[in-house]
Amino acid sequence: MMRNIVLIGFMGSGKTSVGQKLSQELALSFVDTDDVIEERAGKSIKQIFTEEGEEAFRFLERKIVREVSAPEGKVIACGGGVVLDPRNVKALKRKGVFFYLKTSTEVICKRTKASFERPLLQVANKKGQIEKLLCLREKTYQEVADFTIDTSNLSINQVVEEIKKKFKQG
Ligand code: S3P
């Protein structure tokens with residue numbers, strides 16, 4: 001059975017845009033964990049966070065990750081917090097190759113500037129929050145990654161090409 005391509009990285013690193021394009025080019029199905037969570041809960045991520053709290057969100061996220069980890073040869077875009085839980089990493093690693101879309105704080109700030117949907121970034125000092133979370137998470141992203149691609153100066157197409165190349169080799 002074909003391996004899954006698992007895209008990880010911080011909010012705004014391009015996991016969804018890259019994943020969609022990549023899945024089209026490789027004729028694989030595409031799944032975004034946040035989309036499945038919203039569908040299943042019948043409400044937005046933002047609503048889940050405000051009405052039920054982050055823990056309830058992470059619980060649902062773990063359940064969805066288990067489901068989508070089955071080895072079907074698909075592209076999986078993971079919410080930025082997915083790999084912080086070792087249970088999620090374990091499930092996804094069984095048949096997944098992990099690509100970390102590494103992105104600089106500056107680029108993340110720019111890309112998430114107009115985002116009012118991400119609950120973790122609804123704070124007065126957005127840049128400070130991004131720096132803080134990145135600092136806490138960077139090591140984990142690096143450690144679980146099979147491949148790291150620095151996306152800061154690349155277009156979506158360039159990132160897609162890099163992943164295709166590495167996936168074939170790996
Ligand atoms: C989160 C990232 C979001 C979403 C939720 C929590 C995080 O996904 O899952 O808001 O903890 O980094 P994106 O990375 O797709 O924005």
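Trainee: Which residue has a polar backbone atom 3.4 Å from an oxygen atom of the ligand?

Mentor: Remember that this model is predicted. A polar contact needs N or O atoms within 3.5 Å. Here an oxygen atom of the ligand lies 3.4 Å from a polar backbone atom, and that atom belongs to Gly81.

Trainee: How much of the ligand does the protein bury?

Mentor: Start with the ligand taken alone. It then exposes 380 Å². Of that area, the protein buries 95%.

Trainee: How far is an oxygen atom of the ligand from an N or O atom in the side chain of Lys15?

Mentor: Lys15 is among the residues that come nearest, out of 13 around the ligand. Asp34, Arg58, Arg118 and Arg137 are the others named there. For the side chain of Arg58, the distance from a ligand oxygen to an N or O atom is 2.7 Å. For the side chain of Lys15, it is 2.5 Å.

Trainee: How many residues of the shell around the ligand are charged?

Mentor: Split the shell by type. It has 5 nonpolar and 3 polar residues. The charged ones number 5.

Trainee: What is the volume of the space in the largest pocket?

Mentor: The ligand takes up this very space. The largest pocket holds about 620 Å³.

Trainee: Which element gives the most to the lining of the largest pocket?

Mentor: The lining has 34 residues, and Met11, Lys15, Thr16, Asp34 and Arg118 are the closest to the pocket's centre. Helices H1 (15-26), H2 (33-41), H3 (45-52), H4 (54-68) and H8 (156-169) each give two or more residues. With 4 residues, the one that gives the most is H1.

Technical notes:
Residues numbered from 1 in each chain as written. Predicted model: local features only at pLDDT ≥ 70, side-chain atom pairs only at ≥ 80, totals over all residues. Heavy atoms only, no water. Near = heavy atom within 4 Å. Polar contact = N/O pair within 3.5 Å; in protein donor to acceptor, adjacent residues only side chain to side chain. Areas by Shrake-Rupley, 256 points an atom, 1.4 Å probe, with all protein chains shown as cover. 1 Å grid on protein atoms, 1.4 Å probe; cavity = no way out; pocket = protein on both sides within 12 Å on 5 of 7 lines; lining within 4 Å. Sits in = over half its atoms within 2 Å of the grid points. Nonpolar A, V, L, I, M, F, W, Y, C, P; charged D, E, K, R; others polar. Points joined across faces, edges and corners; volume = space filled by probe spheres on them.
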